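Biologist: I would like to learn how to read a structure feature by feature. Please take me through this one, with the general idea before each case.

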Amino acid sequence: MEDELKPRFIESLQRNNDQIREDRAKIIGADSELIYRRRVEDIELKIKRLEREQEGLIDISPLDRNSLTFADFNPEAFVQKDMELSLTIRNLNIQLEVTQKRFEYLFGKIL
């Protein structure tokens, strides 16, 4: 009966170096892949949020539907903020592209 039942602890102690290395490599690889995938998703989310914010900048609706005056619109501030958002989005798109290519290279999977 004892020969049939092999506890996990004993099996673990009996593993050879190759098995130990393989197990560690799988764990490290899985963790790294998951973190990389999350970073890509975080970048994608940042891009989407910034694009929405940028689109919101062009909403210069009047204070109410009967008013003909626009809310306090500052063209200089609008241009500055729009340019900042455009550059940030551009940089994040570059970072996303590089990160996705690197993920594909490191893990052999396409995101």
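Modeller: Start with the aromatic rings. Tyr36, Phe103 and Phe107 form one aromatic cluster. Keep in mind that this is a predicted model.

Biologist: How many aromatic pairs are there?

Modeller: The count comes to 3 aromatic pairs. In general, a pair of aromatic rings is described by the distance of the centres and the angle of the planes. Take tyrosine 36 and phenylalanine 103. Their ring centres are 6.1 Å apart, and their planes stand at 50 degrees, so the pair is tilted. The label tilted applies because the angle is neither under 30 degrees nor over 60.

Biologist: Which helices hold tyrosine 36 and phenylalanine 103?

Modeller: Tyrosine 36 sits in helix H2, residues 17-57, and phenylalanine 103 in helix H3, residues 75-107. The pair therefore ties together parts that are 67 residues apart in sequence.

Biologist: What about tyrosine 36 and phenylalanine 107: how are their planes set?

Modeller: At 70 degrees, with the ring centres 5.8 Å apart, so this pair is edge-to-face. Again one partner is in H2 and the other in H3, so the pair ties together parts 71 residues apart in sequence.

Biologist: Is phenylalanine 103 buried or exposed?

Modeller: Phenylalanine 103 is buried, at a relative accessible area of 0%. Tyrosine 36 is partly exposed at 24% relative accessibility. Phenylalanine 107 is partly exposed too, with a relative accessible area of 21%. The cut-off for buried is under 20%, so tyrosine 36 and phenylalanine 107 do not pass.

Biologist: Let us step back to the whole chain. How many helices and strands does the chain have?

Modeller: There are 3 helices and 0 strands. Along the sequence the pattern reads α-α-α. Buried residues account for 13% of the 111 residues. The chain exposes about 9,700 Å², and carbon and sulfur atoms supply 53% of that area.

Biologist: What share of the contacts between residues at least 6 apart in sequence joins residues at least 24 apart?

Modeller: The share is 71%.

Biologist: How do I check the span of a helix such as H2?

Modeller: Compare the expected span with the end-to-end distance. H2 has 41 residues, and at 1.5 Å a residue it should span 60 Å. Its end C-alpha atoms are 60 Å apart, which agrees.

Biologist: Which residues of H2 are buried?

Modeller: They are Ile20, Glu33, Val40, Ile43, Ile47, Leu50 and Gln54. The buried residues of H2 pack against H3.

Biologist: What caps the N-terminal end of H2?

Modeller: Asparagine 16 does. One of its side-chain oxygens lies 3.1 Å from the backbone nitrogen of aspartate 18.

Biologist: Now the charged side chains. How many salt bridges are there?

Modeller: The count comes to 7 salt bridges. For those within a helix, use the turn. An α-helix has 3.6 residues a turn, so residues three or four places apart point the same way. Arginine 21 and aspartate 18 meet in a salt bridge at 4.0 Å, N to O. Both lie in H2, 3 residues apart, about one turn of the helix. Arginine 21 is exposed at 57%, and aspartate 18 is exposed at 55%.

Biologist: Where do glutamate 97 and lysine 101 lie?

Modeller: Both lie in H3, 4 residues apart, about one turn of the helix. They form a salt bridge whose closest N and O atoms are 3.2 Å apart. Glutamate 97 is partly exposed, with a relative accessible area of 44%.

Biologist: Which residues are joined into one network by salt bridges that share partners?

Modeller: Glu33, Arg37 and Lys109. Within that network, glutamate 33 and lysine 109 meet in a salt bridge at 2.8 Å, N to O. The pair links distant parts of the chain: glutamate 33 is in H2, lysine 109 is in the segment after H3, and they are 76 residues apart.

Biologist: Is glutamate 33 buried or exposed?

Modeller: Glutamate 33 is buried, with a relative accessible area of 14%. Its partner lysine 109 counts as partly exposed, at 39% relative accessibility.

Definitions and conventions
Residues are numbered from 1 along each chain as its sequence is written. This is a predicted model: local features need pLDDT of at least 70, side-chain atom pairs count only at pLDDT 80 or more; totals for chains, interfaces and linings use all residues. Side-chain values use heavy atoms; hydrogens and water are left out. Rings of Phe, Tyr and Trp (its six-membered ring) pair if their centres lie within 6.5 Å; planes under 30 degrees apart count as stacked, over 60 as edge-to-face and the rest as tilted. Helices (H or I, at least four residues) and strands (E, at least two) are DSSP runs, numbered from the N terminus. Buried means under 20% relative accessible area, exposed over 50%, partly exposed in between (1.4 Å probe, protein chains only). Contact means heavy atoms within 4.5 Å. Accessible areas come from the Shrake-Rupley method with a 1.4 Å probe; for residues, only the protein chains shown count as cover. The expected span of a helix is 1.5 Å times one less than its number of residues. A polar contact is a pair of N or O atoms within 3.5 Å; within protein, one must be able to donate a hydrogen and the other to accept it, and residues adjacent in sequence count only if both atoms are side-chain atoms.
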